[in-house]
Amino acid sequence: MDNLIKDLNDAQKKAVTTTEGPVMAIAGAGSGKTNVLTRRIAYLINHIGVPKDQILAITFTNKAANEMKSRIASLLNERTGMMWISTFHSMCSRILRQHIEFLGYKKHFQIIDDDDTSQLIKSIQKEFRIDPKMIDPRKLKNHVMKLKSEQASLSDYKEPLSDYLSKVYPEYQRRLKNNNLVDFEDLLMLTIRLLKENDDLRKHYQQLFQYVLVDEFQDTNNAQYELIRLLGGAHGNVFIVGDEDQSIYAFRGANIENIRRFRRDFDNPKVILLEENYRSTNTILSAANDVIKANKDRIEKTLFSSKGDGDKVVAYKGYDQRDEVHFVAETIQDLVHEGYRYEDMAVLYRTNSLSRLFEEAFMQKRVPYKIVGNTSFFKRKEIKDMVAYLRLIVNPLDDYSFERVVNEPRRGIGAKTMERLNAFAKEYNLSYYEAVNDSMNPLGTRPLKKLKGFTGLIDRMIATLKSADFNTLIDDILNESGYKEALEQDDKGDVRFENILELKTMFKESENTYQSEDKLTVLTFVLEDIALKSQEDDEVDDNSVTLMTLHSAKGLEFKVVFIVACEQGMFPLHRSLSDPKEIEEERRLMYVGITRAEEKLYITNAKSRQHYGEIVANPDSMFLTQIDPSKIRFEGLAKVSQENTQRYQSDYRQTKTFRAKKESLESRHANDIDKGDKVMHKAFGSGVVISVTGNQCKIAFSKEHGIKTLVKDHPAIKKVQR
DNA sequence: CACCGGTTTATTTTT
DNA sequence: TAAACCGGTG
């Protein structure tokens with residue numbers, strides 16, 4: 001017992017050992033929250049004797065779940081395999097996978113992602129002839145999702161929106177169910193329904209989960225709260241950890257009120273405050289506090305650390321966005337000379353679109369980097385296409401996937417044909433697949449032949465699945481559908497094909513993970529993983545700088561943190577400026593960003609920047625000006641204006657440093673490969689450069705891959721020294 | 001039905 | 001800026 005808690009502070013000890021009844025831990029940033037959670041779980045198992053599968057630990061992201069699993073595994077010195085440590089969504093799908101038939105869905109339901117939802121809503125909107133200029137499809141989608149999670153009701157809306165919603169929402173739901181699809185919201189909603197409507201199941205799970213732990217409680221939405229109440233309300237052994245100052249997901253329904261609700265609904269929970277910070281210097285903590293104290297209605301916390309004051313916060317103002325980006329790249333290189341490692345550093349931005357700038361500069365300055373949560377691998381067209389094919393194999397009645405790939409690659413099945421098929425299918429309540437094979441269908445011989453060609457392909461693939469492994473299956477799809485051929489025509493095809501190779505690798509790996517006789521079930525599981533893990537959790541711990549949004553930085557820490565583009569309009573975002581509530585959320589986001597830093601914090605911006613093709617000059621972010629200047633060292637234009645020397649400010653472009661920077665930027669390239677060089681490619685293996693033309697090059701790989709035309713500076717290509 | 005090219009338009013965060 | 005959308009042509 002001593003081992004588990006001996007190095008914890010008093011508050012942490014209390015949080016670990018107060019096992020019975022509701023407990024609420026208010027955990028400031030960097031207060032060892034994950035440590036408390038994992039040790040509490042280990043404590044429950046080792047010292048209270050709770051069976052491993054009777055603990056439910058819910059996190060917010062897959063990353064956090066994995067982290068927790070591996071930490072517990074090392075604390076207990078055994079595997080956490082089937083423990084219930086997961087995100088809300090995977091917990092729900094795990095439950096639904098077993099019981100969804102009770103709700104009239106079929107067992108092999110598939111999960112659609114957000115893009116799919118948007119697409120579906122759009123097409124419904126079109127069908128009802130609702131002018132997208134009048135009603136923004138994105139808004140419509142948001143409202144539908146709100147209705148679904150019961151965060152709103154139809155009566156909240158005025159005409160004509162209420163009218164549209166009353167049509168679109170049921171139609172959306174009907175289509176999902178007919179195709180045996182669920183969206184993210186359904187996962188929660190259907191699980192709640194299941195537990196509410198089925199007394200036996202509710203009791204079963206209430207008994208199974210003797211102890212419930214919830215991480216990042218401030219980010220729970222109403223549905224998630226309801227789930228926790230349903231599962232843990234009876235015995236009340238619910239432990240929640242949260243920090244209202246780090247609530248940054250209100251836009252998707254997170255409700256800070258849930259913290260108050262918890263106090264009301266659960267019987268007099270014990271409240272534990274974790275205020276000792278183990279991460280940052282006091283300068284960083286106090287800068288964070290300067291920012292967050294501007295928010296109203298919050299419980300004041302006093303974070304303290306024993307790490308001393310450390311360095312001042314550096315504020316750099318560049319002449320323009322390129323200058324800003326250079327500063328970051330150069331500072332990173334300088335810090336590496338001082339002994340920091342690339343992996344100790346992170347660049348945090350408000351919007352993904354900013355990642356490009358840094359990507360370009362880092363390539364040129366040879367700063368190794370990785371971008372987290374960019375256009376996710378699984379959102380790429382070719383991957384979604386392959387997934388659609390695979391889903392059709394699991395469930396040929398999935399009209400949504402059918403529609404996606406029926407003419408992908410081009411098979412001469414156009415909008416008109418699909419319109420006719422749709423009308424017929426709708427009239428007789430058939431799926432597209434059934435409609436094609438129905439002798440009554442009114443299609444002309446030629447389109448019908450093409451369509452039958454497509455359904456025939458699906459049939460053959462279903463047969464292939466029975467006898468072959470996944471990689472053979474994917475190869476067959478690629479070859480027989482003509483997809484591969486189409487890729488070969490496309491000049492972006494090589495990159496796409498490379499992605500499909502990666503998908504194959506993934507399938508190969510999971511073939512070993514899931515030991516099951518039934519291939520259909522295995523395929524279903526793998527597809528589910530793909531749906532729920534939209535982020536790649538490839539923890540390639542190569543030594544590189546992390547680029548990511550402030551949102552995805554939550555829960556992480558780095559020795560050195562750059563928060564970039566800190567300008568009014570960029571961060572806080574332009575559209576949040578008019579709403580005090582939204583500014584407060586942006587401010588919390590800044591708070592999260594600042595508190596990621598352990599030792600050094602850089603806040604940068606630019607005097608003017610190109611944004612949406614226009615040049616804008618934004619003032620400093622209010623979050624920067626709210627920090628007490630005595631904690632800041634001003635650099636770049638910020639320094640100049642601080643000293644009030646207008647001379648420098650007038651034309652920074654003429655300065656030597658700027659020109660030097662510019663020159664070095666233009667002259668360098670990431671991969672200085674030439675004809676004849678040997679290279680190594682992530683997916684294709686080793687190859688020889690045949691020719692270099694501008695930014696592109698031709699590389700000959702081994703026989704199976706052949707000659708590829710690739711972007712020269714692509715990070716997947718590495719020159720091999722001779 | 002496919003393709004081209006011009007035009008518009010919207011720019012946040014994620015399970 | 002760039003992606004999505006539209007409308008005309010082959």
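N407 reaches toward the backbone of DNA strand B: a polar side-chain atom of N407 lies 3.4 Å from one of the strand's phosphate oxygens. That makes a polar contact, meaning a pair of N or O atoms within 3.5 Å (within protein, one must be able to donate a hydrogen and the other to accept it, and residues adjacent in sequence count only if both atoms are side-chain atoms). Keep in mind that this is a predicted model, where local features need pLDDT of at least 70 and side-chain atom pairs count only at pLDDT 80 or more, while totals for chains, interfaces and linings use all residues. As for bookkeeping, residues are numbered from 1 along each chain as its sequence is written, chains are lettered from A and ligands numbered from 1 in the order in which they are written, and side-chain values use heavy atoms, with hydrogens and water left out.

**Around DNA strand B**

- There are 28 residues around DNA strand B, and R138, R350, R410, K416 and T417 come nearest; a residue counts as near if one of its heavy atoms lies within 4 Å of the molecule or strand.
- Of the atoms of DNA strand B that come within 4 Å of the protein, 59% belong to sugar and phosphate.
- G412 puts a polar backbone atom 3.2 Å from a phosphate oxygen of DNA strand B.
- G414 also uses its backbone, with an N or O atom 3.0 Å from a phosphate oxygen of DNA strand B.
- Which helices each supply at least two residues of this surface? They are α18 (415-427) and α25 (550-553); helices (H or I, at least four residues) and strands (E, at least two) are DSSP runs, numbered from the N terminus.
- By class, the surface near DNA strand B has 7 nonpolar, 13 polar and 8 charged residues. Here Ala, Val, Leu, Ile, Met, Phe, Trp, Tyr, Cys and Pro count as nonpolar, Asp, Glu, Lys and Arg as charged, and the others, Gly among them, as polar.

**Around DNA strand C**

- The residues around DNA strand C are K122, R356, Y612 and G613.
- K122 has a side-chain N or O atom 3.3 Å from a phosphate oxygen of DNA strand C.
- R356 does something similar, with a side-chain N or O atom 3.1 Å from a phosphate oxygen of DNA strand C.
- Sorted by class, this surface comes out as 1 nonpolar, 1 polar and 2 charged residues.

**Helix α7 and H143**

- Helix α7 (residues 137-148) is where you'll find H143.
- α7 has 12 residues and reaches 16 Å from its first C-alpha to its last, close to the expected 16 Å; the expected span is 1.5 Å times one less than the number of residues.
- H143 counts as buried because its relative accessibility is 18%; buried means under 20% relative accessible area, exposed over 50%, and partly exposed in between (1.4 Å probe, protein chains only).
- Leaving out residues up to four places away in sequence, H143 touches Y157, L161 and L165, where contact means heavy atoms within 4.5 Å.
- H143 has buried company in α7, including P137, L140, V144 and M145.
- The cover over the buried residues of α7 includes α6 (114-127), α8 (161-178) and α9 (184-197).

**Strand β16 and its partners**

- In strand β16 (residues 597-606), 9 of the 10 residues are buried, so the strand is largely enclosed by the rest of the structure.
- Strand β11 (residues 313-318) pairs with β16 in the parallel sense over 5 bridges; pairing takes at least two bridges found by DSSP.
- Within that pairing, A315 has I603 of β16 as its bridge partner.
- β15 and β16 pair in the parallel sense too, over 5 bridges.
- F562 stands opposite Y602 in β16.

**Backbone features in the loops**

- The peptide bond from E408 to P409 is cis, with omega near 0 degrees, and P409 sits in the loop between α17 (399-405) and α18.
- The peptide bond from F571 to P572 is cis as well, with omega near 5 degrees; P572 lies in the loop between β15 (558-563) and α26 (580-594).
- A565 is in the loop between β15 and α26, and has a positive phi of about 55 degrees although it is not a glycine.
- Is A565 buried or exposed? At 2% relative accessibility, A565 counts as buried.
- R366, in the loop between α15 (355-364) and β13 (369-371), has a positive phi near 55 degrees and is not a glycine either.
- R366 is partly exposed, with a relative accessible area of 44%.
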